[in-house]
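Hi,

Here is the structure I said I would pass on to you. Have a look at it first, and then read my notes underneath.

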Amino acid sequence: ENETAAITEEESKKNFSFTLLYCNNDSFNPYSAITETNRSLGLLLFDSLVKIDNDFNVKYSLAKKITNEDNKVFTIKLKNARFSNGTSVTAEDIIYSIKLAKKSKTKYKKQLAKISSYTQVDSQTVKITLKSASPYFERMLDFPIIRTDTANKSDASHAEFPPIGSGRYILDLENKQITY
């Protein structure tokens, strides 16, 4: 006869750990990381407005609702979400992340190239206007969202701090691990 032991979620988290390789000479900033390893780890640390499933369908992540006017104006209403430091994800953070993405040398710069303007409607809403209509633009909203003013920060020895994200994992540089 088979027996199984019930483990609570809390017990499971205490006993669960894993190690991931990363490049310590590279950044964890998804907009400046050079190595594929650190860019891939960013997918664990930073949420995006949407995620794309295996069938290329849009699944809302930080976005609660996206309205589309003529495939040219997109209004994004945010879910109530928090960054790893406990602060709320706001429209200001979305604007900050768009600016970083558009200035970066990453794929996100090209994805967001059709944006002509972006504005904060209120603390939970962003409006993006495109230069020309794009029926698939919603799929381009999978860029990482970073807490405002946390990118490109460093300590006195010029060691870069990782930006703050809202992903399900948190980077713990002191103990050199990613926690859940």
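Below is what turned up, going from the whole chain down to single residues.

Before anything else, keep in mind that this is a predicted model.

Let's start with the overall layout. The chain has 180 residues, and 38% of them count as buried. Its secondary structure comes to 4 helices and 8 strands. If you walk along the sequence, you meet them in the order α-α-β-β-β-β-α-α-β-β-β-β. Contacts often link distant parts of the sequence: taking those between residues at least 6 apart, 55% join residues at least 24 apart.

Now for the strands. Strand E3 (residues 63-69) and E4 run antiparallel, joined by 6 bridges. One of the pairs to look for is glutamate 69, whose bridge partner in E4 is valine 73. The hairpin of E3 and E4 has 3 residues between the strands, and aspartate 70 there takes a positive phi near 55 degrees.

E4 also pairs with E6, again in the antiparallel sense, over 5 bridges. Here phenylalanine 74 has isoleucine 128 in E6 as its bridge partner. E6 in turn is joined to E5 by 6 bridges, and those two strands run antiparallel. Glutamine 120 is bridged to valine 126 in E6, and a hairpin of 2 residues links E5 to E6. As background, side chains in a regular strand alternate between the two faces of the sheet.

A good residue to click on is threonine 75, which sits in strand E4. Is threonine 75 buried or exposed? Its relative accessible area is 18%, and the cut-off for buried is under 20%, so threonine 75 counts as buried. Leaving aside neighbours within four places in sequence, threonine 75 touches residues including Lys65, Ile66 and Thr67, as well as Thr125, Val126 and Lys127.

Next, helix H3, which covers residues 91-103. This helix has 13 residues and reaches 19 Å from its first C-alpha to its last, close to the 18 Å expected. What do the buried residues of H3 pack against? They pack against strands E4 (73-78), E5 (115-122) and E6 (125-130), and also against helix H4 (107-111). Among the buried residues of H3 are Ile94, Ile95, Tyr96, Ile98 and Leu100, and Asp93 is on that list too.

After H4 comes a loop that leads to E5, and alanine 113 is in it. Alanine 113 has 38% relative accessibility, so it counts as partly exposed. Apart from neighbours within four places in sequence, alanine 113 is in contact with Lys102 and Lys131. Its C-alpha lies 9.7 Å from that of alanine 101, a residue 12 places away along the chain.

Last, the pockets. The largest pocket has a volume of about 420 Å³. Its lining is made of 18 residues, and Arg39, Leu43, Lys107, Tyr108 and Asp142 lie nearest its centre. Which elements supply at least two residues each to this lining? They are helix H2 (36-45), strand E1 (50-52) and H4. H2 gives the most, with 5 residues. By type, the lining divides into 7 nonpolar, 4 polar and 7 charged residues.

If you want a route through the model, try E4 and its partners, then H3, then the pocket.

Cheers

Key: Residues numbered from 1 in each chain as written. Predicted model: local features only at pLDDT ≥ 70, side-chain atom pairs only at ≥ 80, totals over all residues. Heavy atoms only, no water. Expected span 1.5 Å × (residues − 1). Buried < 20%, exposed > 50% of the residue type's maximum accessible area, 1.4 Å probe, protein only. Contact = heavy atoms within 4.5 Å. Pairing = 2+ DSSP bridges. 1 Å grid on protein atoms, 1.4 Å probe; cavity = no way out; pocket = protein on both sides within 12 Å on 5 of 7 lines; lining within 4 Å. Points joined across faces, edges and corners; volume = space filled by probe spheres on them. Nonpolar A, V, L, I, M, F, W, Y, C, P; charged D, E, K, R; others polar.
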